Amino acid sequence: MRKVYLDNNATTRMREEVLEAMLPYYKDIYGNASSIHSFGRPARKAIDEARVHVAGLLGAASPEEIIFTSGGTESDNFAIKGVLRALKAKGDHIITTAIEHHAVLNTCKSLEKEGCKVTYLGVDKYGLIDLEELRRAITDKTVLITIMYANNEMGTIEPVVEIGNIAKEKGVYFHTDAVQAVGKLDLAVKDMHIDLLSMSGHKIYGPKGVGVIYIKRGTKIVPQLLGGHHEMGKRAGTENVAGIVGLGEAARLAKRDMPDEDRIKDLRDYLYKGIASNIEDIHLNGHPEKRLPNTLNVSFTYLEGESIILNLDMEGIAASTGSACTSGTLEPSHVLTAMGLDPVNTQGSVRFSLGRDNTKEDMDYVIGILPPIIKRLRAMSPLYEKGK
Ligand SMILES: *Cc1c(COP(=O)(O)O)cnc(C)c1O
């Protein structure tokens with residue numbers, strides 16, 4: 001059976017070159033990067049090279065602004081808690097959005113329990129925040145704006161340049177979760193008034209369990225992992241040398257291969273056209289243009305995303321729902337709910353997130369498989385019959 005992987009926003013397949021680059025650091029160069037002997041020195045050098053590659057991909061002013069972590073989740077936690085602790089004397093107010101990844105949302109919620117104040121900005125039907133609402137939310141107690149660069153569920157790209165300008169004007173730090181944007185969109189943090197940024201290795205064809213927090217030089221932040229003087233005193237713990245090398249190589253290749261994103265976007269649009277011309281009562285989620293080039297989120301009205309995913313899986317196609325299925329209860333996606341989607345559409349959303357391995361043949365396969373599945377499920381759906 002053909003296998004088609006369309007869940008690249010969940011994780012990507014590590015590139016062959018990345019694995020090759022990592023292997024020596026598991027086998028022969030196993031020294032501690034802090035050791036000064038011949039086992040440690042090459043490990044240190046490899047970490048420094050990886051830092052340069054990541055700085056290049058992000059458009060950072062200096063590699064010293066790149067700190068390696070265990071992933072996007074840790075970077076989000078670090079940015080938010082670290083800034084709040086550093087600026088306690090100034091205030092305790094955070095501004096974020098209702099559509100963030102749970103790494104940001106749950107960090108904010110836990111700080112709220114400790115007494116901090118959090119404003120959750122709403123979004124319009126395309127998933128975009130309102131810049132005037134952001135401006136109005138800022139008070140003299142606001143210490144951090146944390147707004148994602150691009151959303152993982154439906155792909156909408158937030159106006160990060162404008163957000164950065166507002167943050168700069170008001171003297172408030174701006175953190176962006178760019179886990180989905182990095183490698184897919186051109187960015188240069190040094191020109192964007194971004195003070196902190198999170199990224200992850202496994203979303204850019206690198207290894208899992210390794211990520212980055214970009215901290216602009218001079219940004220006040222309190223380390224959250226204490227121990228030795230690793231990562232310029234900002235993040236303690238013996239470095240994950242092989243993981244960092246892999247992330248560095250993935251970053252180097254992501255920058256080199258960025259033009260491939262245009263091909264992926266064309267494939268995605270081809271897939272949507274094929275779906276839209278063969279299936280009725282569908283709804284495209286997210287912004288029609290301001291959207292990640294690889295992400296297609298479609299609601300199949302009156303259906304449940306889970307049953308579509310399971311049926312696709314039986315045909316070798318891996319996609320995902322916009323909604324999280326928690327312990328048997330079907331909770332609608334917080335993102336689609338925040339966008340004010342009609343309830344008949346929130347349950348039936350499917351996210352197809354493409355990647356560099358996908359081909360036109362993959363799209364044709366999905367376009368052939370999907371319509372009969374939808375037809376069959378709708379024939380069994382009492383809701384669909386009533387709604388019609
Ligand atoms: C995947 C993801 C994360 C978490 O990154 P991990 O490296 O898996 O911890 C955070 N934010 C967004 C937007 C993501 O897509």
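In this predicted model, an oxygen atom of the ligand is 2.7 Å from an N or O atom in the side chain of Ser200. Two further side chains approach the ligand through polar atoms. In Thr73, a polar side-chain atom lies 2.6 Å from an oxygen atom of the ligand, and in Lys203 a polar side-chain atom lies 2.8 Å from a ligand oxygen atom. These three residues belong to a wider set: 13 residues surround the ligand, and those that come nearest are Thr73, Asp177, Gln180, Ser200 and Lys203.

Attention may now turn from the ligand to the packing of helices. Two packed helices are described by the angle between their axes and the distance between the axes.

Helix H13 (residues 360–379) takes part in a contact with helix H10 (residues 305–314), the two axes coming within 10 Å and crossing at roughly 135°. The angle lies outside the range over 145 degrees that counts as roughly antiparallel, and H10 is therefore oblique to H13. The crossing of H10 past H13 is right-handed. On the H10 side, the residues in contact are Ser307, Ile308, Asn311 and Leu312, and on the H13 side they are Ile369, Leu370, Ile373, Ile374, Arg376 and Leu377. By class, this contact of H10 with H13 comprises seven nonpolar residues, two polar and one charged.

Helix H13 also meets helix H9 (residues 260–276), with axes that come within 9 Å and cross at roughly 20°. Because angles under 35 degrees count as roughly parallel, H9 is described as roughly parallel to H13. Here too the crossing is right-handed, as H9 passes H13. Helix H9 contributes Leu267, Tyr270, Leu271, Gly274 and Ile275, while H13 contributes Lys360, Met363, Asp364, Val366, Ile367 and Leu370. The residues of this contact of H9 with H13 divide into eight nonpolar, one polar and two charged. Leu370 of H13 thus appears in the contact with H10 and in the contact with H9.

A further helix pair consists of H3 (residues 41–58) and H8 (residues 241–256), whose axes come within 8 Å and cross at roughly 35°. In this pair H3 passes H8 in a left-handed crossing. From H3, the contact draws on Ala43, Ala46, Ile47, Ala50, His53, Val54, Gly56 and Leu57; from H8, it draws on Val241, Ile244, Val245, Leu247, Gly248, Ala251, Arg252, Ala254 and Lys255. Twelve nonpolar, three polar and two charged residues make up the contact of H3 with H8.

Terms used: Residues numbered from 1 in each chain as written. Predicted model: local features only at pLDDT ≥ 70, side-chain atom pairs only at ≥ 80, totals over all residues. Heavy atoms only, no water. Axes fitted to C-alpha atoms, helices over the stretch in contact; angles between N-to-C directions. Helix = DSSP H or I, 4+ residues; strand = E, 2+ residues; numbered from the N terminus. Parallel < 35°, antiparallel > 145°, perpendicular 65-115°, else oblique. Left-handed = near helix turned anticlockwise from the far one by under 90°. Contact = heavy atoms within 4.5 Å. Nonpolar A, V, L, I, M, F, W, Y, C, P; charged D, E, K, R; others polar. Near = heavy atom within 4 Å. Polar contact = N/O pair within 3.5 Å; in protein donor to acceptor, adjacent residues only side chain to side chain.
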